[in-house]
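This report looks at the overall dimensions and fold layout of a single chain, and then turns to one residue and its surroundings.

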Amino acid sequence: MGIHVHEFMSLDGVIDAPTWTSDYGFDPAMGAAIGAVTERSRAILLGRTTYEMFEPAWSMRTVADDPGAPFFNETTKYVVSGTLAEGSWRNSEILGRYDAEAIRRLAGEVDGDIYVSGSGTLVRAMLADDLVDGLHLFVYPLTRGSGPRLFADGAQPVTLSLEACESYGNGVVYLSYGRA
């Protein structure tokens with residue numbers, strides 16, 4: 001059990017809003033890789049910005065629209081935010097400002113993994129506080145030049161262990177890393 005982060009990223013490490021991924025399509029095997037992470041997850045942890053992007057995109061989807069819709073709509077979503085007072089998406093709980101100890105407690109209370117997607121500011125803070133147990137990265141064959149990166153300049157070095165590696169016909173590579 002642990003906290004598992006899923007990111008779409010460019011070759012140069014940019015993880016901003018992944019609108020640039022649409023040019024590559026979505027290989028069904030990518031969905032299977034994400035599904036393997038979500039099927040063992042019993043909670044979703046998001047930063048406010050990602051939560052606000054996901055809510056309108058996912059809350060109206062059904063399983064007929066996307067096989068991942070039930071996971072996103074039925075699973076409890078915990079939101080790290082110092083500005084939101086309440087969530088508008090069902091099964092949402094606002095945790096308040098980032099607090100590493102609160103996230104550690106949450107990880108101990110959830111009976112399964114916690115899934116994180118996007119949420120760059122939150123993920124960088126959790127990486128700095130050694131709260132991430134797995135990184136699930138879909139690396140796209142392009143560079144962005146600038147933008148928020150998974151590992152910020154000056155971040156503490158991290159050593160990870162490769163757990164899975166897959167490549168897809170659209171040029172995307174999936175890399176799964178766990179703690180070394």
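With 180 residues, a compact globule would be expected to have a radius of gyration near 16 Å, and the chain, at 16 Å, agrees with that expectation. The model is a predicted one, and its C-alpha atoms, taken along the principal axes, fill a box of roughly 40 × 40 × 30 Å.

The secondary structure amounts to five helices and eight strands, which follow one another from the N terminus in the order β-α-β-α-α-β-β-α-β-α-β-β-β. Among contacts in the chain with a separation of 6 or more, 71% are made by residues 24 or more positions apart.

The whole-chain values are gathered here.

| Property of the chain | Value |
|---|---|
| Residues counted as buried | 44% of 180 residues |
| Exposed area | about 9,100 Å² |
| Share of the exposed area from carbon and sulfur atoms | 51% |
| Distance between the mean positions of positive and negative charges | 4 Å |

The charges behind the last of these values are 13 positive and 24 negative.

Where in the fold does Ser119 lie? Ser119 is placed in the loop that runs between β5 (113-117) and α5 (120-128). Its relative accessible area is 6%, and because buried means under 20%, Ser119 counts as buried. Once its neighbours within four places in sequence are left aside, the residues in contact with Ser119 are Leu45, Leu46, Gly47 and Thr50.

Key
Residues numbered from 1 in each chain as written. Predicted model: local features only at pLDDT ≥ 70, side-chain atom pairs only at ≥ 80, totals over all residues. Heavy atoms only, no water. Helix = DSSP H or I, 4+ residues; strand = E, 2+ residues; numbered from the N terminus. Rg over C-alpha atoms; globule rule 2.2 N^0.38 Å. Buried < 20%, exposed > 50% of the residue type's maximum accessible area, 1.4 Å probe, protein only. Contact = heavy atoms within 4.5 Å. Areas by Shrake-Rupley, 256 points an atom, 1.4 Å probe, with all protein chains shown as cover. Lys, Arg positive; Asp, Glu negative; His and termini not counted. Charge placed at Lys NZ, Arg CZ, Asp CG, Glu CD.
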